[in-house]
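Open the model in your viewer and keep the selection box at hand. We will go from stop to stop, and at each one you will get something to select and something to look for.

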Amino acid sequence: MPDPSPNDPDGTHFTLLGEDDGPGRFVDEDRLAQLYAYPADVTGCVVRGNMITSLDGGASTDGTSGGLGEAGDRRLFRVLRELADVIVVGAGTARAENYSGAQMTLTQRSNRQRRGQSEVPPIALVTRSGRLDRDVPVLTRTEVAPLVLTCRDAAADARSRLGGAAEVIACSAADPAEVDPGTVLTALAERGLPRVLCEGGPTLMGTFIEHGLLDELCLTTAPMLVGGSAPRIVTGAGHVLAKMRRQHLISDAEGYLYGRYTRAG
């Protein structure tokens, strides 16, 4: 296998599958950014989910998703973060996955500046309780202060405890004890953050789907089985049948599949 190049970092060698865009076509870094570009005419928010699953539908191993990924998944993860205005994640997932602030290379910062974005996208933590420890990495190891999207009942206490470590935003609708996903997106749009990347977890992803707010899903399928009682990429009480349309499918030498699906209709 040839050495990695600037257009093929990590030596992952992505290949575009299918007939629409040339079967077997090599995907370099520029092409990858084109394939995952947000719509040019964004109005309101565009919500993109990014999740990984095993062949038997498991979304994690030993409680986190990290054990399912390899170099190709990490490469795409970085690209999706670079393209986003804001990275939205449930507070529980941020704790379990040991989140810190997003990190951008000099090239990524230049690309973002050219697109009119800030150099580093903030992390937005969704939490109904608003209870976050001041020493968690997402608050202490970051260039930009995260957003804390919580319910109206918890907002004042969260602001008092977190101080300047985060911007706390009340995101309730009729029920002041709940976080409303539509209000979340309104708050992000008002702050000039319309390109939303949701990294889960399963409950938060399920909430966006239940309310018809997930516009697309970037799904990595890992060529492995996990068995046991691993959770799916989406959980929740609401049951919906949301039809999606495949935009493309990419593979790599390790047998991973990377699909981008957008909401049909």
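Begin with helix H7 in this predicted model, and colour Pro181, Val184, Leu185, Ala187 and Leu188, which are buried. Now look straight down the helix: the buried residues of H7 fall within an arc of 160°, so they line one face of the helix. Here is the idea behind that pattern: an α-helix has 3.6 residues a turn, so residues three or four places apart point the same way.

What do the buried residues of H7 pack against? Show S3, S4, S6, S7, S8 and H8, and you have the partners of that face. Then step past the end of the helix to Gly192, which follows H7 and has a positive phi, near 70°.

**Next stop: helix H6**

Select residues 152-162, which form H6, and pick out Ala154, Ala155, Ala158 and Leu162: these are buried. Their arc around the axis is only 115°, which puts them on the same side of H6. Turn the helix over and you will find Asp153, Ala156 and Ser160 on the other side, where they are exposed.

To see what covers the buried residues of H6, add its neighbours, including helix H5 (137-140), strand S6 (147-150) and strand S7 (167-170). After H6 comes Gly163, again a residue with a positive phi, here near 55°.

**Next stop: helix H8 and the loop before it**

Show H8, residues 202-210, and colour its buried residues, Leu204, Met205, Gly206 and Phe208. Their packing partners are S3, strand S4 (86-90), strand S5 (123-126), helix H7 (181-190) and strand S8 (195-198). Gly212 follows H8, with a positive phi near 70°.

Now move back to the loop between S8 and H8, where Gly201 sits. Zoom in on the bond that joins Gly200 and Gly201: this is a cis peptide bond, with omega of about 5°.

**Next stop: Arg48**

Select Arg48, which is found in strand S3. Is Arg48 buried or exposed? Arg48 is buried, with a relative accessible area of 0%.

Switch on the residues around Arg48 to see what it touches. Leaving out residues up to four places away in sequence, the contacts include Tyr36, Tyr38, Leu80, Val196, Glu216 and Arg260. Cys218 is also one of the residues touched by Arg48. Try a distance label here: Arg48 and Cys218 are 170 residues apart in sequence, yet 7.2 Å apart in space, C-alpha to C-alpha.

**Next stop: two unusual backbones**

Go to His13, in the segment before strand S1 (14-17). His13 has a positive phi of about 50° although it is not a glycine.

Asn98 is another residue to check: it has a positive phi of about 55° and is not a glycine either. You will find Asn98 in the loop between H3 and helix H4 (106-114). Its relative accessibility is 47%, and Asn98 therefore counts as partly exposed.

**Next stop: the pockets**

Turn on a surface view. Rolling a probe the size of a water molecule over the atoms shows where empty space is left.

The largest pocket holds about 910 Å³ of space. Which residues lie nearest its centre? Select Ser65, Phe77, Glu97, Tyr99 and Glu199, out of 32 residues that line the largest pocket. Strand S3 (46-54), helix H2 (71-83) and helix H3 (91-96) each supply at least two residues of this lining, and H2 gives the most, with 5 residues. If you colour the lining by class, you get 10 nonpolar, 16 polar and 6 charged residues.

The second largest pocket has a volume of about 620 Å³. Its lining has 24 residues, with Ile209, Arg232, Val234, Val240 and Ala242 nearest the centre. H8 and strand S9 (216-222) each supply at least two lining residues, and the largest share, 4 residues, comes from H8. Colouring this lining by class gives 13 nonpolar, 8 polar and 3 charged residues.

**Last stop: the annotated region**

Finally, select residues 47-257. An unreviewed UniProt entry annotates this stretch as "domain: Bacterial bifunctional deaminase-reductase C-terminal". Over residues 47-257 the chain is 29% helix and 21% strand. Label the two end C-alpha atoms of this region as well: they are 21 Å apart.

Notes
Residues are numbered from 1 along each chain as its sequence is written. This is a predicted model: local features need pLDDT of at least 70, side-chain atom pairs count only at pLDDT 80 or more; totals for chains, interfaces and linings use all residues. Side-chain values use heavy atoms; hydrogens and water are left out. UniProt positions are given in the numbering used here, feature names are shortened, and annotations may be inferred rather than shown by experiment. On a 1 Å grid over the protein atoms alone, a cavity is a set of points where a 1.4 Å probe fits but cannot get out, and a pocket is an open set with protein on both sides within 12 Å along at least five of seven lines; lining residues have an atom within 4 Å of a point. Grid points are joined across faces, edges and corners, and a volume is the space filled by probe spheres set on the points. Ala, Val, Leu, Ile, Met, Phe, Trp, Tyr, Cys and Pro count as nonpolar, Asp, Glu, Lys and Arg as charged, and the others, Gly among them, as polar. Buried means under 20% relative accessible area, exposed over 50%, partly exposed in between (1.4 Å probe, protein chains only). The arc is that of the directions from the helix axis to the C-beta atoms. Contact means heavy atoms within 4.5 Å.
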